[in-house]
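User: I would like a close look at a single part of this protein, with its surroundings worked through in order. Please keep to what the model shows.

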Amino acid sequence: MIKRLILGEMQVNCYVIYNKYNECIIVDPGANGQKVKKFIDTQELDVKAILLTHGHCDHIGAVDYLYEIYYCPIYMLKEGIELLHNVSWNLSAAFGHPFKVKAPVTIATDMIIAHYHIHWYLLEGHCLGSSMIYIKEENVLLSGDVLFAGSIGRYDFPTSSSMQTKETLHQLKELDLDCRVLPGHGEETNLKYEQLNNYYLKNL
């Protein structure tokens with residue numbers, strides 16, 4: 001089961017993925033940790049981990065708040081960890097509220113958490129460490145700011161790269177999955193649909 005919570009001024013999609021054992025994973029808690037906590041408490045869920053698709057401030061704003069409550073492990077790809085501690089790179093300084101993540105973050109690899117098999121795709125261009133997370137049992141791809149319905153993530157930020165974005169688009173075009181795509185902003189879509197219809201992918 002998957003619950004989408006829309007958080008903060010940037011309207012980030014935070015996802016709470018939970019199973020029949022009431023175990024859950026939180027993905028990209030960008031702001032308003034109280035809203036996330038309320039849902040978790042209402043459903044009586046046991047938080048097993050926080051997963052981060054990347055380190056931009058709108059996706060990490062509630063990490064410390066939730067860690068202080070649940071003391072669960074936090075995972076992201078090693079290439080992006082520096083963004084958590086650099087207020088210029090994570091864009092928090094640009095938005096006038098500079099902050100760094102204080103909670104400990106563990107380097108992600110393919111793993112099993114809460115009975116879910118989790119696979120990470122490093123797909124940079126939007127920023128260092130930008131990734132998508134595939135959860136096999138739900139057949140969903142949490143695409144962060146790599147891929148949106150009908151669009152892709154910007155590549156004009158610190159640590160962005162137009163060249164890496166182009167490489168990422170080629171990888172997305174070849175990705176052999178037929179699954180739901182749950183993006184970091186906006187509505188969900190389907191990977192096969194985006195491969196055929198997304199302007200940035202079909203015009204490679």
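Where is glutamate 9 found?

Analyst: The model is a predicted one. In it, glutamate 9 is found in the loop that lies between strand 1 and strand 2. Its relative accessibility is 85%, and because the cut-off for exposed is over 50%, glutamate 9 counts as exposed. Glycine 30 is 21 residues away from glutamate 9 in sequence, and the two C-alpha atoms are 9.8 Å apart in space.

The strands on either side of this loop pair with each other. Strand 1 covers residues 2–7 and strand 2 covers residues 12–18; they run antiparallel and are joined by 6 bridges. One bridge can be named: leucine 5 has cysteine 14 in strand 2 as its partner. Together the two strands form a hairpin, with 4 residues between them. Glycine 8, in the turn, has a positive phi of about 75 degrees.

Glutamate 9 also leads to the pockets. The volume of the largest pocket is about 300 Å³. It is lined by 14 residues, and those closest to its centre are Glu9, Met10, Cys57, Asp58 and Phe95. By type, the lining of the largest pocket holds 7 nonpolar, 5 polar and 2 charged residues.

The second largest pocket encloses about 230 Å³ of space. This pocket, too, has 14 lining residues, and the closest to its centre are Met10, Asp58, Asp145, Phe157 and His185. Its lining divides into 7 nonpolar, 4 polar and 3 charged residues. Met10 and Asp58 are thus listed by the centre of the largest pocket and again by the centre of the second largest.

Asp145 follows glycine 144 in the numbering, and that glycine is the next place to look. Glycine 144 is in strand 10, which spans residues 140–144. Glycine 144 counts as buried because its relative accessibility is 3%, and the cut-off is under 20%. Histidine 54 is 90 residues from glycine 144 along the sequence, yet the C-alpha to C-alpha distance is 7.2 Å. With neighbours within four places in sequence left aside, glycine 144 is in contact with Asp28, Thr53, Ser131, Leu182, Pro183 and Gly184.

Among these contacts is Ser131, which belongs to strand 9, residues 131–135. Serine 131 has a relative accessible area of 1%, so it is buried by the under 20% cut-off. Its side chain reaches the backbone oxygen of threonine 53 at 2.8 Å. Beyond residues up to four places away in sequence, serine 131 touches Leu52, Thr53, Leu77, Trp120, Tyr121, Leu123, Leu142, Ser143, Gly144 and Val146. Thr53 therefore appears in the contacts of serine 131 and in those of glycine 144.

Threonine 159 gives a further case of a side chain reaching a backbone atom. Threonine 159 is found in the loop between strand 12 (151–152) and helix 4 (162–174). At 17% relative accessibility, it counts as buried, since the cut-off is under 20%. The side chain of threonine 159 reaches the backbone nitrogen of leucine 128 at 3.1 Å, whereas for serine 131 the backbone atom reached is an oxygen. Leu128 is also among the contacts of threonine 159, which, apart from neighbours within four places in sequence, are Leu83, Trp89, Cys127 and Leu128.

How values were computed:
Residues are numbered from 1 along each chain as its sequence is written. This is a predicted model: local features need pLDDT of at least 70, side-chain atom pairs count only at pLDDT 80 or more; totals for chains, interfaces and linings use all residues. Side-chain values use heavy atoms; hydrogens and water are left out. Buried means under 20% relative accessible area, exposed over 50%, partly exposed in between (1.4 Å probe, protein chains only). A polar contact is a pair of N or O atoms within 3.5 Å; within protein, one must be able to donate a hydrogen and the other to accept it, and residues adjacent in sequence count only if both atoms are side-chain atoms. Contact means heavy atoms within 4.5 Å. Two strands pair if DSSP finds at least two bridges between them. On a 1 Å grid over the protein atoms alone, a cavity is a set of points where a 1.4 Å probe fits but cannot get out, and a pocket is an open set with protein on both sides within 12 Å along at least five of seven lines; lining residues have an atom within 4 Å of a point. Grid points are joined across faces, edges and corners, and a volume is the space filled by probe spheres set on the points. Ala, Val, Leu, Ile, Met, Phe, Trp, Tyr, Cys and Pro count as nonpolar, Asp, Glu, Lys and Arg as charged, and the others, Gly among them, as polar.
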